[in-house]
Amino acid sequence: MHTVFIINPAAGAGNDFRELKDGIERSKTDLADEVTVYETRGVGDAEIFVRKTLEEHPDDILFVACGGDGTLNEVLNGSRGFGNAVISVYPSGTGNDFVRNFPEAGDFRDPAAIVGGSEVVCDAIEISGVMDGKYQTRLCANMINIGFDANVVAKTAEMKQKPLLSGSAAYLASVFLILIKKKGAALRITADGETLADGGILLTSLANGSYCGGGVMSNPYASLQDGSIDMSVIKNISRTRFIGLFPKYQKGVHLDIPGIEEIITNVKAKDITLTPLNGPVTVSVDGEITRDDELHVRVVPAAFRFMVPAKA
């Protein structure tokens with residue numbers, strides 16, 4: 001199988017990509033089939049490149065998204081509709097949350113382990129609506145966040161530019177900065193025909209995978225292969241209560257707190273509509289920010305082939 005390592009130079013540090021290229025060179029005898037490297041030129045370029053490559057080559061191709069979850073999102077959307085596409089990840093962004101759903105996998109930073117890995121089939125989330133002023137239909141690999149979480153992601157994008165702040169540190173700093181404003185969202189949410197919210201909320205997350213924000217286990221019951229979206233809606237609770245809840249929210253044990261259903265609604269659904277009540281809202285899709293109007297979200301079972309690295 002031909003393998004293409006798609007490098008996003010804007011993600012992570014330059015040392016990551018020097019390490020990747022050195023790893024490819026060291027592993028060439030183990031990679032067997034042809035391997036090439038493609039460096040993206042800007043936002044959206046990975047998606048265009050993947051689609052064009054698949055249109056021109058009918059054989060199976062493994063695309064390794066080298067960057068963060070946003071790079072994976074572009075590769076996933078570029079491969080939509082092509083059965084000959086296989087996807088994997090070399091994590092070098094700030095969040096890298098999708099790969100956290102494979103704790104038993106081999107090393108995602110070992111090119112030979114990726115190429116010599118085994119395939120699994122993963123669901124995706126389809127999101128349709130007016131995004132950044134334009135009607136679009138796109139796929140999400142990991143998670144959609146609206147309200148507090150999305151506002152934190154937007155702030156994290158600013159914070160991670162500061163020295164000495166890793167992805168997780170930037171996320172945690174942003175949590176407390178946004179908490180000062182206590183900025184949530186006003187939404188009407190229906191899931192499989194049932195109204196879950198109609199007014200102000202702190203946040204909602206629509207999850208394919210369990211993690212966001214560089215390792216925060218916000219949706220511990222989510223699965224990449226169960227044919228459903230794990231949705232969590234947190235009421236507009238006080239700052240004090242949220243601060244007390246956050247450590248357990250971060251570890252993914254918050255849903256075990258007695259009486260938590262009074263402030264958190266957690267459901268599995270296949271079809272969801274999100275209607276902003278006060279104009280467009282900030283939405284995070286795989287860590288990338290847009291400003292959106294009403295959105296229709298549905299699960300796409302068995303949407304893509306994913307290569308899990310082999311263990312040493």
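Select Arg305 and Asp60 together, and you will find a polar contact of 3.0 Å joining their side chains; a polar contact here is a pair of N or O atoms within 3.5 Å, where, within protein, one must be able to donate a hydrogen and the other to accept it, and residues adjacent in sequence count only if both atoms are side-chain atoms. What you have open is a predicted model, in which local features need pLDDT of at least 70 and side-chain atom pairs count only at pLDDT 80 or more, while totals for chains, interfaces and linings use all residues. Residues are numbered from 1 along each chain as its sequence is written, and side-chain values use heavy atoms, with hydrogens and water left out.

**Around Arg305**

Stay with Arg305 and show strand 14, residues 288-308, in which Arg305 is found; strands (E, at least two residues) and helices (H or I, at least four) are DSSP runs, numbered from the N terminus. Now add Gly83 to the selection, and you can follow the side chain of Arg305 to the backbone oxygen of Gly83, at 2.7 Å. Leaving aside neighbours within four places in sequence, Arg305 is in contact with Asp60, Gly83, Asn84, Ala85, Val86, Ile87, Glu119 and Val120, where contact means heavy atoms within 4.5 Å.

**Two positive phi angles**

Remain in strand 14 and select Ala302, which is found there too. Ala302 is exposed, because its relative accessible area is 51%; exposed means over 50%, buried means under 20%, and partly exposed lies in between (1.4 Å probe, protein chains only). Phi of Ala302 is near 50 degrees, a positive value in a residue other than glycine. Most residues other than glycine have a negative phi. Next, select Asp132, in the loop between strand 5 (118-131) and strand 6 (134-140), where phi is near 55 degrees, again a positive value in a residue other than glycine.

**Helix 3 and helix 2**

Move to helix 3, residues 69-79, and pick out Asn77, which counts as buried because its relative accessibility is 7%. Where does the side chain of Asn77 reach a backbone nitrogen? Select Leu139, whose backbone nitrogen lies at 2.8 Å from the side chain of Asn77, and then Asn73, whose backbone oxygen the side chain of Asn77 reaches at 2.9 Å. Not counting residues up to four places away in sequence, Asn77 touches Glu47, Arg51, Arg138 and Leu139.

From there, go to Ala46 in helix 2, residues 45-56, which counts as buried because its relative accessibility is 2%. With neighbours within four places in sequence left aside, Ala46 is in contact with Ile6, Thr40, Glu74 and Val75. If you draw a line from the C-alpha of Ala46 to the C-alpha of Gly78, it spans 7.4 Å, although the two residues are 32 apart in sequence.

**Strand 8**

Select Arg188 in strand 8, residues 185-191, which counts as partly exposed because its relative accessibility is 35%. Add Asp198, and you will see a polar contact of 3.4 Å between the two side chains. Asp198 is also among the residues that Arg188 touches, not counting those up to four places away in sequence, together with Ala197, Thr273, Leu274, Thr275 and Leu277.

**A loop residue**

Now select Tyr221, which lies in the loop between strand 9 (194-207) and strand 10 (229-235). Is Tyr221 buried or partly exposed? It counts as partly exposed because its relative accessibility is 44%. The side chain of Tyr221 makes a polar contact with the side chain of Asp256, at 3.4 Å, and, leaving aside neighbours within four places in sequence, Tyr221 is in contact with Asp230, Leu255, Asp256, Asn266 and Lys268. For a wider span, join the C-alpha atoms of Tyr221 and Ile114, which are 107 residues apart along the chain and separated by 26 Å.

**The whole protein**

Finally, show everything again: there are 7 helices and 14 strands in the protein, and the C-alpha atoms fill a box of roughly 55 × 40 × 35 Å, taken along the principal axes. Of the 312 residues, 55% count as buried. Among contacts between residues at least 6 apart in sequence, 74% join residues at least 24 apart.
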